[in-house]
Amino acid sequence: MATAFDRRRIPAPEISIPPIYEPLLDGEAEAGPSKRVDRANDEARPIFLKTGLISQANGSGYIESGGVKIACSVYGPRPKAPPYTPQGTLNLEVKFAPFASDPRGAPLRDTEPIHLSQLLTQSLIPAIQLDQFPKSSIDIYLLILESDTPSNVLSAGLTVSSAAIADAGIAMNGLGTGSVVLTDQNGEILVDPEESEEIALQSQAQAQGQGQGQGQGNGAGKLLVGALPALGKVTNLYMEGEVEVDQAIQMIEKAIAASRDTHTVLAQSLLEGALERGIGGEA
Amino acid sequence: MSSSTILLPGQPLPSSLTAPPLPACGSGCYESNGRILASIVGIPRRDGSVVSVIGREESGNTPDVGSVVSRLTPQQAHLTLTTSNDRPLPETSEEFQGVIRISDIRLTERDKIKMGECFRLGDLVKAKVLSLGDARSYYLSTAANELGVMYAVSEAGNPLLPVSYQEMEDELTGTREKRKVAKPEGI
């Protein structure tokens with residue numbers, strides 16, 4: 001018997017066997033429309049979004065978007081410990097499940113979530129009417145169950161936290177949604193890039209960086225946009241890489257268009273959630 | 001109820017509700033560039049010159065609250081807020097606290113108030129929020145006829161019925177206890 005037993009982890013069975021799948025039929029693609037061959041350059045992968053799944057929280061949301069799965073719970077407004085603040089405080093915490101990243105990360109050790117939660121807080125603050133909640137705090141916890149790239153996690157995280165905040169009945173200016181676009185080495189603008197596309201971009205940039213010093217030839221980059229599509233406002237832009245101004249403007253426009261599509265999905269799931277829970281005492 | 005009547009944050013209120021004269025914004029909505037937009041998921045409603053959006057739960061500032069007395073001192077009563085504007089407050093691990101100071105209990109004869117003749121532990125009290133109060137609690141007031149104790153139990157443990165503005169009676173034993181009684185609705 002093992003003497004040192006870590007109670008914080010779920011013990012796995014001693015023997016494990018990989019699952020056996022039925023072989024694919026000839027010509028049958030692997031499941032999911034996530035591969036770029038199945039979708040246009042300006043088409044995002046489908047999103048699954050549902051609110052109200054975590055019953056202990058005041059509001060919650062769950063999103064599956066491409067290679068990202070996030071569970072988000074919102075607690076509050078709850079009374080905040082002194083000192084007094086005339087505005088509400090937003091506490092946001094991003095946690096990665098140990099199985100969320102590849103390679104598997106050590107539990108509770110990584111520093112990536114701090115950076116992510118700061119960026120996410122910045123994108124969320126313009127969406128929430130914090131002045132409505134004096135002396136209170138709103139706590140948001142995001143648990144990343146599966147992740148591919150940090151930017152995809154951020155954009156899905158923004159969408160799902162908006163859903164969870166709205167589900168909690170907390171006053172907002174509008175629903176925030178995130179979207180990612182990428183300009184590849186051929187100058188093509190790809191909406192909602194998957195991990196392989198981003199890796200290709202990075203290795204290209206590295207190769208060019210070694211070859212020509214600072215310059216990056218034809219230009220390639222990645223852009224993350226946080227937007228309030230209902231108000232026609234952009235809350236946050238986060239860009240990596242180097243592209244021409246015209247190209248950057250095109251990227252922003254594509255990203256805003258994509259965030260509008262995401263908003264439709266978000267609105268639909270919020271309406272469904274509201275009907276399921278009943279609104280204003282009526283069911 | 002069809003889903004088309006439900007508004008989402010950032011969505012403008014239907015023009016039938018915002019017809020001139022431009023109404024004031026109540027809870028659940030806000031004004032932006034001359035338009036009135038919803039700020040929560042809910043159903044819009046217009047009461048005279050005020051439009052509001054009614055959501056699932058009340059979760060904002062608390063002008064009119066129901067609360068339970070949790071601690072009494074000779075100078076003030078400490079309460080735990082349970083409802084706001086007749087809607088339950090969201091359930092959280094910590095609860096919002098309120099304080100009624102002895103001078104805020106009654107409108108008249110404020111200098112003769114004795115705490116023990118107004119509230120007892122466990123009483124259900126309807127109060128108004130006076131201010132955001134100190135760092136910990138809201139300051140509440142019951143200085144109005146319709147505010148005060150709404151439900152209480154006697155020393156024998158039976159429910160009390162209001163008999164006057166400062167007395168409640170145990171129907172079973174007939175004993176009377178002093179309280180700052182809220183005027184029941186419809187009288």
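1. Start with a pair of facing residues: A:Phe48 stands opposite A:Glu64, which belongs to β2(A). The strands involved are β1 of chain A, residues 47-51, and β2(A), and they pair in the antiparallel sense over five bridges. Keep in mind throughout that this is a predicted model.

2. Now look at the other partner of β2(A). This strand also pairs with β3(A), again in the antiparallel sense, over seven bridges. One facing pair here is A:Ile63, opposite A:Ile70 in β3(A). The two strands form a hairpin with two residues between them, and A:Gly66 in that hairpin takes a positive phi near 60 degrees.

3. Why can we call β2(A) largely enclosed by the rest of the structure? Count its residues: the strand covers 59-65, and six of the seven are buried, so the description fits. For chain A as a whole, buried residues make up 42% of the 283 residues.

4. A:Ile70 deserves a second visit. Which residues have the most contacts inside the largest nonpolar core? They are A:Ile70 and A:Val181, in a core of 76 residues. The largest share of that core comes from α2(A), with nine residues. Setting aside neighbours within four places in sequence, the contacts of A:Ile70 include A:Ile63, A:Leu143, A:Ala156 and A:Val160. There is also a second, separate core of 21 residues, and B:Leu79, B:Phe96, B:Val99 and B:Ile105 are among its members.

5. Step back to the layout of chain A. The chain has four helices and nine strands. Reading from the N terminus, the elements go β-β-β-β-α-β-α-β-β-α-β-β-α. Take the contacts in chain A between residues at least 6 apart in sequence: 72% of them join residues at least 24 apart.

6. Next comes a sheet further along chain A. How many strands does this open sheet have, and in what order? It has four, ordered β7-β6-β8-β9, with antiparallel pairing. The edge strands, each pairing on one side only, are β7 (189-191) and β9 (233-242) of chain A. From one strand to the next, the twist averages 20 degrees.

7. Zoom in on one pairing in that sheet. Strand β8 of chain A, residues 220-228, is joined to β9(A) by nine bridges, and the two run antiparallel. If you want a pair to find on screen, try A:Ala227, which stands opposite A:Val234 in β9(A). Helices pack on this sheet too. Helix α2 of chain A (residues 150-167) touches β6 (177-183) and β8, and its direction makes about 160 degrees with that of β6(A). Helix α4(A) touches β6, β7, β8 and β9 of chain A, at about 145 degrees to the direction of β6(A).

8. Where do the chains meet? 34 residues of chain A are in contact with 28 residues of chain B. On the chain A side, β3 (68-79) and α4 (245-277) each supply at least two residues. The biggest giver is α4(A), with six residues. By type, the residues on this side of chain A divide into 22 nonpolar, eight polar and four charged.

9. Chain B has a nice lesson in strand direction. Strands β9 (residues 97-101) and β11 (residues 137-141) of chain B run parallel and are joined by four bridges; B:Gly98 stands opposite B:Tyr138 in β11(B). Strand β10 of chain B, residues 124-131, runs antiparallel to β11(B), with three bridges between them. There, B:Val129 has B:Leu140 as its bridge partner. These two strands form a hairpin with five residues between them, and B:Gly133 in the turn has a positive phi of about 75 degrees.

10. Also in chain B, look at B:Cys25, which lies in strand β1 (residues 24-25). Is it buried, partly exposed or exposed? It has 18 C-beta neighbours inside 10 Å, so it counts as partly exposed. B:Val51 is 26 residues away in sequence, yet the C-alpha atoms of the two residues are 5.4 Å apart. Beyond neighbours within four places in sequence, B:Cys25 is in contact with B:Tyr30, B:Glu31, B:Ile36 and B:Val51.

11. Last, a word on confidence. Chain A averages a pLDDT of 82, and 86% of its residues score at least 70. Residues 212-216 of chain A fall below 50, and beyond near neighbours in sequence this stretch has four contacts in the model. Where pLDDT is low, the predicted coordinates should not be read in detail.

How values were computed. Residues numbered from 1 in each chain as written. Chains lettered and ligands numbered in written order. Predicted model: local features only at pLDDT ≥ 70, side-chain atom pairs only at ≥ 80, totals over all residues. Contact = placed C-beta atoms within 7 Å. Nonpolar A, V, L, I, M, F, W, Y, C, P; charged D, E, K, R; others polar. Buried ≥ 20, exposed ≤ 12 C-beta atoms within 10 Å, placed from the backbone. pLDDT = per-residue confidence, 0-100. Pairing = 2+ DSSP bridges. Axes fitted to C-alpha atoms, helices over the stretch in contact; angles between N-to-C directions. Core = buried A, V, L, I, M, F, W, Y, C linked by C-beta atoms within 7 Å.
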